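Trainee: Could we go through this structure together, with a question and an answer for each point?

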Amino acid sequence: MFSKSLSERRLELTILSVVILMYIALCAEADMYVPAFPEMVEFFSTTEDKIQLILSINFVGLCLASLVSGPLSDTFGRRNVLMSGLSLFFVSSLGCVFAESFTTMLFWRFIQGMSASVPMVIGCTLFLDKYPLEKASQLVGICNSVISAAMAGAPILGTWISSVFHWRGNFILITILVGLSLIGSFLFIDESLPVQNRKKFQALSIAKDYCTLICSFKFVGYNVIALLPLVVIVVYISNLSLILINHMGVSLTDLGYYQASTMGTFVIFSYLGSKLIAKKGLDFTKNLGGLITTVGGVSLFLTAIFNPNSISLICISMALVAAGGSFMVGIFGMKALTLFPDMKGTSTAMSTAIRQLLASGLVLVSELAFNGTIVPVATIVFGYVCAAIIWYALIQKDEKIGRNLTTETLSPSVF
C-alpha cells in the first residue's frame, strides 16, 4: 500500500481526492443518465412512467443497504467493507452497461444502489476516524463543495454523452469512475478503525438504536426539513427530461442547461449560506432559507396551474427552492446528528436511509401520477414544503413547552 510512503500532508490530500472521486461516482450514478430517458424508453420498449423505476429502484437499494453499511464497518473495519462495496459497485455498473432487457437493468440498478451505499456512508467516516472534529469538518466541507459542483455539471455532461455515445455511454463513464475509486482506495486508504475499537455485530442492539432514532419526532423532523431540497430536486430532474423533450419539444442539448440551472443555484447559494451564517447567525439563515423555499414551492405550484408550459417560470421557481433549501441542509442536518452524540454513525446511516426512502417514494409517486406536464412534480414539491413547515412549527412548539417546563422546575417555589 502506497499510503505509508506519503508524507502526512500528501496522504491527507490523497485520501481527500479518493473520497471526492467516490462521491463524484455516486453523483453520476444517481442522475447523470436521466437526459437519456427518452432514448431508453424506446430501447427497452417500455413507457414513460415505468422508465423512472431505473431511478427509484436504485434509491430503494441505497435506503435498505445504508442501514447495515455503517454497523458492518463498525464490526469488520472501514477498509474491508469499503473495498467489498466498491467491488460490487463496479460489477453492478458493468451489468448496467451490458443490460439488454428492462428487467435486467432494474436488477443491476438495485444492486448498484445497495453497493453505492457503502462509500456513501463510509466515505466521510474515514475523516472522523483519522482527524480531529474540526479538521474532519473542514475536509467534509470541501467534499460537499466539490460534490455540489459535480451534481450541477452531471446533467450537462450526461446530455452530451447521451447525444454522442447514447445511453450506454453514461454507464460506461460511471463504471470508469467507480473503477478508479476502487484502485485509489486499494492503494491509498488504510484501515482507520483499530480492532480494539470495533463492535460486535448485534442485530438486536442495532435495531434498538434505529428504533430510538425513528421514534424521535425531532430527529425525523430535522431530517425531513434538511433533505427537502435534495429530495425534490431528484423528483424534479427525474421527470424533467420526459416532460421537456417528449411533450414540450426541447432539444437534448438545451435540456442539460435547464437541469443544471437548479443545481447550479444550489451550489452558489450553498457558498453564500456559509458566509451568511458567519455574518447573521444560524437562526437568521435557516429562517431566510425557509422563506425563499416556500416562495419557490408556491410559485412552482401556481405556475403548474396557470402557466404549465412556461419553462422559464418552472426553472426560476425550482431555483428558488434550491436556493432556500441550500441554506437549510447543513443547519438542520447537523441539528439531527447532534441529538444523539453517542450514535453518530448510526444517525448518519439513518439519515441516509431516510433520504433515499423519501426520494424513492416520491419519485415513485411522480411516476404513477405522470401525465406529461409539470403538475404532478409541482404538487409533490408544494406538498413537501407544506409538510416541512408544519413539522418545524410542531418542533418549535415542543421545544417551547420544554423550555417553559425547565424554567418552572428551576424557578424557586412561591409556596
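Trainee: Which residues does Ile54 touch, not counting residues up to four places away in sequence?

Mentor: Bear in mind that this is a predicted model. Ile54 is named among the residues with the most contacts inside the largest nonpolar core. Leaving out residues up to four places away in sequence, the residues that Ile54 touches are Tyr33, Phe37, Met40, Phe102, Met105, Leu106 and Arg109.

Trainee: Which helix gives the most to the largest nonpolar core, and how many residues does that core have?

Mentor: The largest nonpolar core has 112 residues, and those with the most contacts inside it are Phe37, Met40, Ile54, Met105, Phe171 and Tyr236. The helix that gives the most to this core, with 13 residues, is H11 (residues 228-248).

Trainee: How many aromatic pairs are there, and what is the geometry of the one between Phe44 and Phe102?

Mentor: Under the criterion that ring centres lie within 6.5 Å, the count comes to 15 aromatic pairs. Phe44 and Phe102 form one of these, with an angle of 50 degrees between the planes and a distance of 5.9 Å centre to centre, and the geometry is tilted.

Trainee: Which parts of the chain does the pair of Phe44 and Phe102 tie together, and are the two residues buried or exposed?

Mentor: Phe44 lies in the loop between helix H2 (37-43) and helix H3 (48-51), whereas Phe102 belongs to helix H6 (residues 102-122), so the pair ties together parts that are 58 residues apart in sequence. The relative accessible area is 8% for Phe44 and 15% for Phe102. With the cut-off for buried set at under 20%, Phe44 is buried, and Phe102 is likewise buried.

Trainee: How are the rings of Phe269 and Phe327 arranged, and which helices does the pair link?

Mentor: The ring centres of Phe269 and Phe327 are 6.0 Å apart and the planes stand at 50 degrees, so the pair is tilted. Phe269 counts as partly exposed at 27% relative accessibility, while Phe327 is buried, with a relative accessible area of 6%. The pair links distant parts of the chain, 58 residues apart, with Phe269 in helix H12 (residues 252-280) and Phe327 in helix H14 (residues 311-337).

Trainee: Which residues do ring pairs link into a cluster?

Mentor: Phe44 and Phe102, whose rings form a tilted pair, both belong to the cluster. The residues that ring pairs link in this way are Tyr33, Phe37, Phe43, Phe44, Phe102, Trp167 and Phe171.

Trainee: How many disulfides does a search of the whole structure find, and why is there no bond between Cys211 and Cys215?

Mentor: A disulfide needs two cysteine sulfur atoms within 2.5 Å. The closest cysteine sulfur to that of Cys211 is in Cys215, at 5.8 Å, which is too far for a bond. A search of the whole structure finds a number of disulfides equal to 0.

Trainee: What span should helix H13 have, and how far apart are its end C-alpha atoms?

Mentor: Helix H13 (residues 282-306) has 25 residues, and because the expected span is 1.5 Å times one less than the number of residues, H13 should span 36 Å. The end C-alpha atoms of H13 agree with this, being apart by 36 Å.

Trainee: With which residues is Ile214 in contact, leaving aside its neighbours within four places in sequence?

Mentor: Ile214 is in helix H9 (residues 203-214) and is partly exposed, with a relative accessible area of 43%. Ile214 and Ser347 are 133 residues apart in sequence, yet 9.7 Å apart in space, C-alpha to C-alpha. Leaving aside neighbours within four places in sequence, the residues in contact with Ile214 are Val220 and Met350.

Definitions and conventions:
Residues are numbered from 1 along each chain as its sequence is written. This is a predicted model: local features need pLDDT of at least 70, side-chain atom pairs count only at pLDDT 80 or more; totals for chains, interfaces and linings use all residues. Side-chain values use heavy atoms; hydrogens and water are left out. Rings of Phe, Tyr and Trp (its six-membered ring) pair if their centres lie within 6.5 Å; planes under 30 degrees apart count as stacked, over 60 as edge-to-face and the rest as tilted. Helices (H or I, at least four residues) and strands (E, at least two) are DSSP runs, numbered from the N terminus. Buried means under 20% relative accessible area, exposed over 50%, partly exposed in between (1.4 Å probe, protein chains only). A nonpolar core is a set of buried Ala, Val, Leu, Ile, Met, Phe, Trp, Tyr and Cys residues joined through side-chain atoms within 4.5 Å. Contact means heavy atoms within 4.5 Å.
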